[in-house]
Amino acid sequence: AGPSMVLDSVELGAEGARSGGFHALHASGFEWRADVREEYGWIGEAMGSWVEFKVTGSSVTIGFLKSYEHMGRATVYLDGVPDATVDALSVGGASQLAEHTLLPAAAGEHVLRIEIAKSSPARVENKFKLLRVAMRGL
């Protein structure tokens, strides 16, 4: 027989975006859509908006848009516990992909939640665009 393949990572992203992208468990105020540059992602624009995904693995990395205008902050939760608050606003320069990695304490299924957080000082716009979720060590 040929070599066996062990799947140890999965990435959910914009591949197949026009057919629905990657699916959320639940969302409030976030939607899967393209922005002005026709690039798809889970986009929320108001504080308190959130989206949740089922994830597995020993490591979960989110990829989000970091840009110089319109962007806000989001708190990343794993199983209801806040892991970090990430800022999608960059100081000057071009837009880019930013990442944050979470390390679950135990194997198995978990719920990943991204929620747009208050910014201090307050911002007029609070957009957050999730581009991908990568799971490793399945």
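**View 1. The largest pocket holds about 190 Å³ of space.** A pocket here is an open set of points on a 1 Å grid over the protein atoms alone, places where a 1.4 Å probe fits, with protein on both sides within 12 Å along at least five of seven lines. Its volume is the space filled by probe spheres set on the points, which are joined across faces, edges and corners. Rolling a probe the size of a water molecule over the atoms shows where empty space is left. This is a predicted model, so local features need pLDDT of at least 70 and side-chain atom pairs count only at pLDDT 80 or more, while totals for chains, interfaces and linings use all residues. Residues are numbered from 1 along each chain as its sequence is written, and side-chain values use heavy atoms, with hydrogens and water left out.

**View 2. Who lines the pocket: Asp35, Val36, Arg37, Leu65, Ser67, Tyr68, Glu69, His70, Met71, Ser95 and Lys127.** Lining residues have an atom within 4 Å of a point. They split into four nonpolar, three polar and four charged. For this sorting, Ala, Val, Leu, Ile, Met, Phe, Trp, Tyr, Cys and Pro go down as nonpolar, Asp, Glu, Lys and Arg as charged, and the others, Gly among them, as polar.

**View 3. The whole chain has eleven strands and zero helices.** Read along the sequence, that gives β-β-β-β-β-β-β-β-β-β-β. Strands (E, at least two residues) and helices (H or I, at least four) are DSSP runs, numbered from the N terminus. Of the 138 residues, 41% count as buried, meaning under 20% relative accessible area; over 50% is exposed, and in between is partly exposed (1.4 Å probe, protein chains only). Take the contacts between residues at least 6 apart in sequence, and 71% of them join residues at least 24 apart; a contact means heavy atoms within 4.5 Å. About 7700 Å² of the chain is exposed, with carbon and sulfur atoms supplying 52% of it; the areas come from the Shrake-Rupley method with a 1.4 Å probe.

**View 4. Confidence along the chain averages a pLDDT of 84, and 85% of residues reach 70 or more.** pLDDT is the predictor's confidence in each residue, from 0 to 100. Strand S7 (residues 73–78) has the highest mean, 97, and strand S1 (residues 9–12) the lowest, 63. Over residues 1–7 pLDDT stays under 50, and the model gives that stretch one contact beyond four places in sequence. Residues 16–20 are also below 50, with six contacts beyond near neighbours in sequence. Where pLDDT is low, the predicted coordinates should not be read in detail.

**View 5. His70 sits in the loop between strand S6 (59–66) and S7.** This pocket-lining histidine counts as partly exposed because its relative accessibility is 37%. Its phi is near 75°, a positive value in a residue other than glycine. Past its neighbours within four places in sequence, His70 contacts Glu125, Asn126 and Lys127. Its C-alpha lies 9.0 Å from that of Ala88, 18 residues apart along the chain.

**View 6. Asp35 is in the loop between strand S3 (30–34) and strand S4 (40–44).** With a relative accessible area of 11%, Asp35 is buried, and it is another residue of the pocket lining. Leaving out residues within four places in sequence, Asp35 touches Ile43, Lys127 and Lys129. Asp35 and Lys129 are 94 residues apart in sequence, yet 9.3 Å apart C-alpha to C-alpha.

**View 7. Thr61 belongs to strand S6.** Thr61 counts as buried because its relative accessibility is 5%. Not counting residues up to four places away in sequence, it touches Glu99, His100, Thr101, Arg132, Val133, Ala134 and Arg136. The C-alpha atoms of Thr61 and Arg132 are 8.2 Å apart, with their positions 71 residues apart in sequence.

**View 8. Two more loops: Gly29 lies between strand S2 (26–28) and S3, and Asp79 between S7 and strand S8 (81–87).** Gly29 is exposed, at 54% relative accessibility. It touches Ile43, Gly44, Glu45 and Ser49, leaving aside residues up to four places away in sequence. Asp79 is partly exposed, with a relative accessible area of 44%. Its phi is near 55°, a positive value in a residue other than glycine.
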